[in-house]
Amino acid sequence: MFIFLKNKPQQIKMLLQKANQFYSAKKFAKAIKLYQKILKLDSKNFAAKANLATSYFELQKYDLSIPFFQEIISLDSNNPWWYNYLSQAAQKNNDYNLSLDAAWKAVICGQEENEHHLNLAYTIYEIADNLGRETTDSLLKKWYQKFPTNAIAKQCYNSFFYDKNFTRSEPKYVEELFDVFASDFDNILAELQYDSPQLIAQNLYEFYSRKNHQNLQILDVGCGSGLCGQAIKKYIKNCQITGVDISQKMLDKASEKKVYYRLLKEDITDCFSSVKCVFDVIVSSDVFTYFGSLDSLFKNIADSILSNGIFSFTYSLNNENENDFFLMPSSRFVHSPKYVEKLLQKNKFAILKNEEKILRKEGEKDIKGRVVLAIKA
């Protein structure tokens with residue numbers, strides 16, 4: 001949010017204060033009327049123009065916001081956020097060339113600020129089909145050449161120019177991705193109709209409601225902001241949940257939910273050696289999308305779960321080809337059911353439930369996956 005307070009004639013100052021109050025309260029329509037009134041009194045008032053642009057943006061009136069963002073950029077061309085906003089607004093307005101150009105300029109201005117690298121990654125993904133791969137591929141190469149050490153640029157490059165030897169997302173990429181999204185993560189997932197935590201929790205409840213369980217020890221692998229732990233606690237009160245995640249900002253959000261016995265900042269491939277105990281239940285919600293090969297991960301999980309313990313997880317389906325796994329242009333891995341089932345069998349898990357579900361939205365697309373409940377022999 002951009003709120004600017006500058007010394008102006010008293011009338012403008014009072015109008016600006018009131019308009020900004022409306023803005024902060026998300027009463028954007030009322031704020032817009034006052035910003036327009038200010039601009040009639042002072043057509044060069046930068047604060048009014050800036051907040052008018054973002055107010056239109058928040059109301060999804062992208063066509064009205066674009067000229068103001070362009071005017072703001074002509075006055076303040078060094079702020080990457082103006083380009084970021086312009087990029088998003090242009091994409092929503094189907095002006096794909098402008099969107100891509102603005103997203104790139106946001107990266108150039110922001111340099112290593114990952115918010116702008118992520119915006120460029122999503123912009124390329126969303127508009128590649130509309131502009132054609134020739135245009136987006138050219139920018140991808142330029143981006144990766146200029147920022148070869150940036151984890152987001154590398155991940156996006158590999159997702160479009162698929163390399164079968166790229167078998168997992170770099171931990172740095174995952175950490176930076178979730179650090180950026182942590183503050184608004186739960187709201188974003190609600191908009192995407194993200195159901196994986198609830199589906200896992202319901203499966204556990206159905207299994208344990210018929211059994212006499214005492215103080216279940218549960219490991220939440222890749223716990224994120226704690227949505228899975230929160231869902232499990234609603235159904236199973238008598239448990240202690242350990243959460244592991246690579247993003248400290250996500251762990252901070254998980255801690256606020258007060259459902260975890262302990263929280264550990266670890267790459268999940270390393271957490272099993274540091275936890276040094278076995279669990280009654282291990283869960284993982286929408287985490288395997290950052291891994292291609294699951295072989296070593298499933299072995300570690302099998303070694304860390306008690307006999308007759310439960311392993312419940314979700315994964316996205318590979319409907320693209322016959323490969324065991326595949327990295328999509330969205331920078332997410334998808335997996336073949338045959339591959340996942342083979343790994344479960346190899347690690348002495350018997351499948352109790354294996355249901356195809358819609359796990360979330362990705363733009364306007366339904367992302368299909370499987371919800372699995374397996375028991376260790």
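**Entry 1: Arg 332**

I began with Arg 332, which I found in the loop between strand E6 (325-327) and strand E7 (333-335). The model I am reading is a predicted one, and I keep that in mind for every entry below. Is Arg 332 buried or exposed? Its relative accessibility is 17%, and because buried means under 20%, Arg 332 counts as buried.

I then looked up what surrounds this residue, leaving aside its neighbours within four places in sequence. Arg 332 is in contact with Tyr 122, Thr 289, Tyr 290, Phe 326, Leu 327, Arg 360 and Glu 362. For a sense of distance I also took Ser 77, which is 255 residues from Arg 332 along the chain, and the C-alpha atoms of the two are separated by 33 Å.

**Entry 2: the sheet**

Next I traced the open sheet, which has seven strands in the order E3-E2-E1-E4-E5-E9-E8, with mixed pairing. Which strands stand at the edges? They are strand E3 (262-265) and strand E8 (349-362), and because each has a single partner strand, one side of each is left without a neighbour in the sheet. Neighbouring strands of this sheet are turned against each other by 15 degrees on average, direction ignored.

I noted from general knowledge that strands of a sheet pair through backbone hydrogen bonds, either parallel or antiparallel. This sheet let me look at one pair of each kind, in keeping with its mixed pairing. Strand E2 (residues 239-245) and E3 run parallel and are joined by four bridges, and here Gly 243 stands opposite Leu 263 in E3. Strand E5 (residues 305-316) and strand E9 (residues 365-376) run antiparallel and are joined by seven bridges, with Thr 314 standing opposite Val 371 in E9.

**Entry 3: helices beside the sheet**

I followed the chain from E2 to E3 and found helix H14 (residues 248-256) as the third member of a right-handed β-α-β unit with these two strands. I also looked at helix H12 (residues 196-208), which lies across strand E1 (216-221), strand E4 (279-284), E5, E8 and E9. Its direction is at about 150 degrees to that of E5.

**Entry 4: salt bridges**

How many salt bridges does a search of the whole structure find? The search gives 13, and I wrote down several of them. As a general point, side chains of opposite charge can pair when their charged atoms come close.

The side chains of Lys 154 and Glu 170 meet in a salt bridge, with 2.5 Å from N to O. Lys 154 lies in helix H9 (residues 151-160) and Glu 170 in the loop between H9 and helix H10 (171-181), so the pair ties together parts that are 16 residues apart in sequence. Both ends count as partly exposed, Lys 154 at 25% relative accessibility and Glu 170 at 26%.

Arg 370 caught my attention with two entries in my list, one with Glu 341 and one with Glu 356. In the salt bridge with Glu 341 the closest N and O atoms are 3.6 Å apart. This pair links distant parts of the chain, since Arg 370 is in strand E9 and Glu 341 is in helix H17 (residues 337-346), 29 residues apart. In the salt bridge with Glu 356 the closest N and O atoms are 4.0 Å apart. Glu 356 lies in strand E8, so this pair ties together parts that are 14 residues apart in sequence.

I checked accessibility here as well: Arg 370 counts as buried at 16%, whereas Glu 341 is partly exposed at 30% and Glu 356 is partly exposed at 46%. I also recorded a network, in which salt bridges that share partners join Glu 206, Lys 353 and Glu 355.

**Entry 5: positive phi**

Last I turned to backbone angles, remembering that most residues other than glycine have a negative phi. Gln 60 has a positive phi, near 65 degrees, and its place is in the loop between helix H3 (46-58) and helix H4 (62-75). Lys 348 also has a positive phi near 65 degrees, and I found this residue in the loop between H17 and E8. Are these two residues buried or exposed? Gln 60 counts as exposed at 57% relative accessibility, and Lys 348 counts as exposed at 56%.

Definitions and conventions:
Residues are numbered from 1 along each chain as its sequence is written. This is a predicted model: local features need pLDDT of at least 70, side-chain atom pairs count only at pLDDT 80 or more; totals for chains, interfaces and linings use all residues. Side-chain values use heavy atoms; hydrogens and water are left out. Two strands pair if DSSP finds at least two bridges between them. Axes are lines fitted to C-alpha atoms, for helices over the stretch in contact, and angles run from 0 to 180 degrees between N-to-C directions. Contact means heavy atoms within 4.5 Å. A crossover is right-handed if, with the strands pointing away from the viewer, the path from the first strand over the helix to the second runs clockwise. Buried means under 20% relative accessible area, exposed over 50%, partly exposed in between (1.4 Å probe, protein chains only).
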